[in-house]
Amino acid sequence: MISEFLSVAMLALVLFGAVVRPFRLPEAAFAVPAAGVVVLCGAVPWDHVREEAGRLGPVIGFLAAVLVLARLCADEGLFHACGGWMARWARASPPRLLGAVFVLASVVTAVLSLDATVVLLTPVVFATAARMGVRPKPHVYAGAHLSNTASLLLPVSNLTNLLAFAATGLSFTRFAVLMLLPWLVAIAVEYAVFRRFFAADLSAPPAESAPERRPETPLFAVVTVAATLVGFPVASVFDVDPAWVATAGALVMAVRALSRRRTTVPDIVRAASVPFLAFVLALGVVVRAVVDNGLGEALGHVLPDGTSLPALLATAGVAALLANLINNLPAVLALVPLASASGPGSVLAVLVGVNIGPNLTYAGSLATLLWRRIAHQHDHDIGLWEFSRLGLLTTPAALVLATAALWASLRLVGA
């Protein structure tokens with residue numbers, strides 16, 4: 001009983017620190033001590049701690065490499081160029097700009113992970129909307145939703161995907177093929193709702209805008225990202241972890257940036273966000289303690305078996321609900337070991353739930369919390385009621401239809 005209470009209390013403390021961030025302390029300031037408490041008090045045995053560290057090690061390495069790669073691409077001007085591409089495509093039309101944001105945010109999220117969309121693309125969207133003289137709200141909200149929804153496609157698109165990828169037993173390419181239809185369906189649902197929900201903002205005439213200058217395309221960054229993306233499925237064939245491919249891409253960009261004195265080694269280390277990496281590892285240990293002390297058994301009673309359409313819908317629904325209760329990272333850590341018993345289809349349904357579900361509330365994913373902070377830095381007010389109404393209109397429909405699309409993919413392609 002003491003271990004159960006202690007584990008839940010430490011998880012609550014970790015989530016409080018991640019959501020509220022009192023005194024602007026990093027998430028690790030709460031997670032690392034909490035992990036130490038559950039380990040020292042015996043709520044989780046040492047062999048389970050080692051097991052979690054071994055499971056999360058490659059994931060953390062990949063995350064560090066992608067964060068560095070995305071930051072160096074931004075320094076090369078890739079995201080500034082993206083803003084120019086969006087503005088030229090939009091031709092002063094807010095609906096066309098929304099379409100451009102949807103396409104670009106979906107691609108950036110899928111290829112460079114949701115962190116790149118939230119941290120690097122969101123400021124570009126603000127700047128592009130300001131230059132065009134259009135209302136930023138629909139386009140900024142699109143970045144928040146797509147950082148979650150559009151992360152379904154590849155194993156490397158989201159930390160949740162990386163955590164679950166090994167449990168699926170699928171190759172990189174097969175994972176992408178199975179998730180392609182759910183990815184497209186979920187994005188289409190979001191776009192349809194956005195066009196109706198933000199109709200007034202999208203129909204408002206643009207204000208006077210400054211002439212758009214054509215930014216120079218950073219070819220080196222584009223080629224490096226493309227080569228890294230191609231390297232993921234190739235490495236999967238040879239059973240090479242995606243972290244090594246991402247590290248190679250980051251090293252190429254780092255060597256170029258250092259040789260041109262555009263960055264420094266301390267800047268690269270800061271880009272890797274070491275405190276956040278420590279948070280992910282500590283969170284995994286705390287969640288393991290909660291799972292070992294009752295949560296795993298409880299979830300085992302509610303998570304359905306099999307990959308029939310009703311079973312997949314129920315699995316995705318449980319995952320979405322749990323993500324909004326305890327955040328999507330703890331949710332995937334708790335659910336994947338249970339879902340893997342029913343095969344890769346069930347694990348993919350968990351991912352549909354934990355990736356789409358967080359659009360319902362602020363606390364559903366760390367990406368949404370980070371996006372809210374960036375929006376506030378740009379003096380853009382995010383209303384809780386408006387965010388929740390949009391989430392209620394998009395999330396259930398996207399969740400159901402994307403899960404149905406997953407079921408169809410499993411039947412057509414096979415797991």
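**Exercise 1.** In this predicted model, determine which helices each supply at least two residues of the lining of the second largest pocket, and describe that pocket.

*Solution.* Step 1: the helices that qualify are α3, α8, α11, α14 and α16. Step 2: α3 supplies the largest share of this lining, six residues. Step 3: the volume of the second largest pocket is about 600 Å³. Its lining consists of 29 residues, and those closest to the centre are L162, L163, F165, A166 and A167. Step 4: sorted by class, the lining of the second largest pocket has 19 nonpolar, four polar and six charged residues.

**Exercise 2.** Describe the largest pocket by volume, by lining residues and by contributing helices.

*Solution.* Step 1: the largest pocket encloses about 980 Å³. Step 2: 36 residues line the largest pocket, and R21, E27, V119, L370 and R373 lie nearest its centre. Step 3: at least two lining residues each come from α1, α3, α6 (114-132), α8 (159-168), α13 (265-271), α14, α16 and α18 (366-377). Step 4: α18 accounts for the largest share of this lining, with nine residues. Step 5: the class count for the largest pocket is 21 nonpolar, seven polar and eight charged residues.

**Exercise 3.** State how many cavities of 30 Å³ or more the whole structure holds, and characterise the lining of the largest cavity.

*Solution.* Step 1: a search of the whole structure returns one cavity of 30 Å³ or more. Step 2: the largest cavity contains about 50 Å³ of space. Step 3: its lining is made up of V66, L69, V111, L112, V225, T228, L229 and F232. Step 4: assigned to elements, two or more of these residues come from each of α3 (46-76), α5 (94-112) and α11 (219-237). With four residues, α11 gives the most to the lining of the largest cavity. Step 5: seven of the lining residues are nonpolar and one is polar, while none is charged.

**Exercise 4.** Check whether the span of helix α15 agrees with its number of residues, then locate its buried residues and their packing partners.

*Solution.* Step 1: α15 covers residues 309-326, which is 18 residues. Step 2: the expected span at 1.5 Å a residue is 26 Å, and the end C-alpha atoms of α15 are 26 Å apart, so the two values agree. Step 3: the buried residues of α15 are A311, L312, T315, A316, V318, A319, A320, L322, A323, N324 and I326. Step 4: these buried residues pack against α1 (2-20), α14 (274-302), α16 (328-339), α17 (344-356) and α19 (384-413). Step 5: just after α15 comes N327, which takes a positive phi of about 85°.

**Exercise 5.** Explain why C73 forms no bond with the closest cysteine sulfur, and decide whether C73 and C82 are buried or exposed.

*Solution.* Step 1: the whole structure has zero disulfides by search. Step 2: the closest cysteine sulfur to that of C73 belongs to C82 and is 9.6 Å away, so the pair is too far apart for a bond. The cut-off for a disulfide is a sulfur pair within 2.5 Å. Step 3: seen from the other side, C82 is likewise in no disulfide, and its nearest cysteine sulfur is that of C73 at 9.6 Å. Step 4: burial is assigned under 20% relative accessible area. C73 has 0% relative accessibility and therefore counts as buried. C82 has 5% relative accessibility, so C82 counts as buried.

Key: Residues are numbered from 1 along each chain as its sequence is written. This is a predicted model: local features need pLDDT of at least 70, side-chain atom pairs count only at pLDDT 80 or more; totals for chains, interfaces and linings use all residues. Side-chain values use heavy atoms; hydrogens and water are left out. On a 1 Å grid over the protein atoms alone, a cavity is a set of points where a 1.4 Å probe fits but cannot get out, and a pocket is an open set with protein on both sides within 12 Å along at least five of seven lines; lining residues have an atom within 4 Å of a point. Grid points are joined across faces, edges and corners, and a volume is the space filled by probe spheres set on the points. Ala, Val, Leu, Ile, Met, Phe, Trp, Tyr, Cys and Pro count as nonpolar, Asp, Glu, Lys and Arg as charged, and the others, Gly among them, as polar. The expected span of a helix is 1.5 Å times one less than its number of residues. Buried means under 20% relative accessible area, exposed over 50%, partly exposed in between (1.4 Å probe, protein chains only). Contact means heavy atoms within 4.5 Å.
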